[in-house]
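Hi everyone, thanks for making time for this. Please have the viewer open, and I'll walk you through a few strands and one helix.

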Amino acid sequence: MQAKKRYLILFSTGACLILLFCLGGIQVPLSRRGPGRPHDRRLSGYGPGARWRHMSGYLQPFSSWEQDRSDDLTEHISPRQKRDANSGLYTGKRCRMESCFDFSLCERNGFKVYVYPQQKGEKLSESYQNILSSIEGSRFYTSDPGQACLFVLSLDTLDRDQLSPQYVHNLKAKIQSLPLWNGGKNHIIFNLYSGTWPDYTEDLGFDIGLAMLAKASISTENFRPDFDVSIPLFSKDHPRTGGEKGYLKYNTIPPYRKYMLVFKGKRYLTGIGSDTRNALYHIHNSEDVVLLTTCKHGKDWQKHKDARCNKDNAEYDKYDYREMLYNSTFCLVPRGRRLGSFRFLEALQAACVPVMLSNGWELPFSEIIDWNRAAVIGDERLLLQIPSTVRSIHQDKILSLRQQTQFLWEAYFNSVEKIVLTTLEIIQDRVLLHTSRSNLMWNSLPGGLFTLPQYSTSLRDFPFYYAELGIKPPSKFTAIIHVVTPLVSQSQPVMKLLVAVAKSQYCAQVIVLWNCEKPLPAKHRWPATSVPVTVIEGESKVISSRFLPYNTIPTDAVLSLDEDTVLSTTEVDFAFTVWQSFPDRIVGYPARSHFWDSNKERWGYTSKWTNDYSMVLTGAAIYHKYYHDLYTTYLPASLKIMVDQMSNCEDILMNFLVSLVTKLPPIKVTQKKQYKETMMGQSSRASRWADPDHFAQRQTCMNKFANWFGTMPLIHSQMRLDPVLFKDQVSILRKKYRDIERL
């Protein structure tokens, strides 16, 4: 019996000891701790019972159990071996925004970007100069480093191929000497080419430290998610601003072209990138799958040529690359020496759906762009399956892919400026995460560059998504009457206009924008109306103040009016009902047009009455109030200052902006013959329309605006919308807007 008790006590004691050990009550020292080596608390902290303590604080950056193990394993490696092992890597390989970016720099002044002043004797490539000019011309730019959130080097880092004439030597020492470098924190480095023959690694030849990398041809292995930005490879001839439009003019049904799949390019006989291109002949059939390669490139190509070279070279010369590109449904984009290729952007522009064959390539702007909607992502190891794969894609899907290539090309890739701005907007979304854009904003018209998150993060607040979300356009508008002459009589046109607009069944409020130098009239001098009338003074009394995003505008729809506009209530009602069908466009009465003057080689402005127009003046037009924010925020101060100094052209500038965003013309509605630009202003001598230089100024504005935009965004139209049964020989009682015909 006593023996049983002793065994029971021993068993209980042992169980208690095991339980205490499991719960962390007993610490067992590490058995491999050598003599004289201090106890590593950090390692012992991974023992049972210590894990709860470690979870109470923040995780330490760049510290993990795997890293400690690797440190132990490399403890006895020589310094030279360590340098060789780490060649091509940078100290910030584990960087993320939360560990390598100082958000506090962005809190005071928002997202501002500083470009270092160019150093004497330092030459910049044309492409890098275009990048810096795009930043300096953007709304993000600041010349004060104390206000900056992000820093950009004035040292050319685009081409880091040591064999290139654009290669900048001693870049490491030059960067380290910069007073604001700070280990690269809050810096971004742009790069197109890295590495050199024969392995073309992604080593830039210097340690970028904690800087972000905006790099072309970057691999998923070296890409740091939510920190780096993958950009497309573009040529030195890529335009800085504007850019060409996509080549898809019409949606042909079915969407098939002469060729199903094409490629024309170099074939590398040896070295990295040679495997895929060397195997293309297996699926080439000279009919609808035309994949042409040539080994006739480089100085010593004949030394390495194989048995297929002569035949390939002969067939290669038979086809025109552009003709193939524009007449193919799919374009193969295989990797070259590097992962990226110029053919990627060429295919996008040509509406030739890219078929990607570059395993491990982090596609451009992959953080925001859903490439499955615009490209076919292939696998180099399954090359033989590519023809059957593209043939199996339904024609509806092909049409959708092709349309998306055009949208992405024009939204993000057709100029250096758009590539740079997209890069900066991506980083801004990371910094200001609470106001970041949604996936739909980035991947549908008009694109992320024209949907400002500062305005709203809700899709329903933008006019572009009403149809997609199934939302009905607003049922009310706010009228803004721009007044520049003093109020001296109750019979002035502005009084009649105010009364007529206020009678509209769709009018929610009338705002009188007082830009007159005289003091505000007394409240009792304004006519009594059934809707609220608010009088506000314009900021600095400048003409651009009519497009400021006033908080007093309660509705999404804005009816913009000049003080001498003559409109009836019926005309206002009809224009608004038309706008409800086109909420993203300018809808109104006075229409104007532009043309190219081949003799003077410049753009011209005309007010002649024709069936063709490209602008609807904002002296009597309805549009969405979001364009007030876009006008104020997106456009550069230089254009708005020019407009304010001339007190002219603000309506043209607004038309430029809206057409640029929508890629569509404005909408002209039924117009009275009496409403002509030459007649406007007869009621007020101070009116800007009475200025004899007015027309000449508008000619100048057209060309200044086109120069800044880098293109002519205005689009001609011949569509005019009239009421149902307008001018038809039927009873007037059957017509809803019968009063319009009497005007």
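Let's start with strand β6, residues 212–215, which is covered on both faces. On one side we have Met 212 and Ala 214, on the other Leu 213 and Lys 215, and all of these are buried. Yes, that includes the lysine. Before going on, please keep in mind that this is a predicted model.

So who are the neighbours of β6? Strand β4, residues 187–191, pairs with β6 in the parallel sense, over 4 bridges. If you want one pair to click on, take Ile 188, whose bridge partner in β6 is Met 212. Strand β7, residues 229–230, also runs parallel to β6, with 2 bridges between them. There, Ser 230 of β7 stands opposite Lys 215, the buried lysine from a moment ago.

Now let's move along to an open sheet of 8 strands with mixed pairing. Reading across, the order is β15-β14-β13-β16-β21-β17-β22-β23. Which strands sit at the edges? Those are β15, at 533–537, and β23, at 720–721, each pairing on one side only.

Inside that order, β13 (residues 477–483) and β16 (residues 557–562) run parallel and are joined by 6 bridges. One pair to look at here is His 482 with its bridge partner in β16, Asp 562.

Finally, what packs on this sheet? Helix α20, residues 569–579, does, touching β13, β16, β17, β21, β22 and β23. For those of you who like geometry, the direction of α20 makes about 30 degrees with that of β21.

That's my tour; happy to rotate anything you'd like to see again.

Key: Residues numbered from 1 in each chain as written. Predicted model: local features only at pLDDT ≥ 70, side-chain atom pairs only at ≥ 80, totals over all residues. Heavy atoms only, no water. Pairing = 2+ DSSP bridges. Contact = heavy atoms within 4.5 Å. Axes fitted to C-alpha atoms, helices over the stretch in contact; angles between N-to-C directions. Buried < 20%, exposed > 50% of the residue type's maximum accessible area, 1.4 Å probe, protein only.
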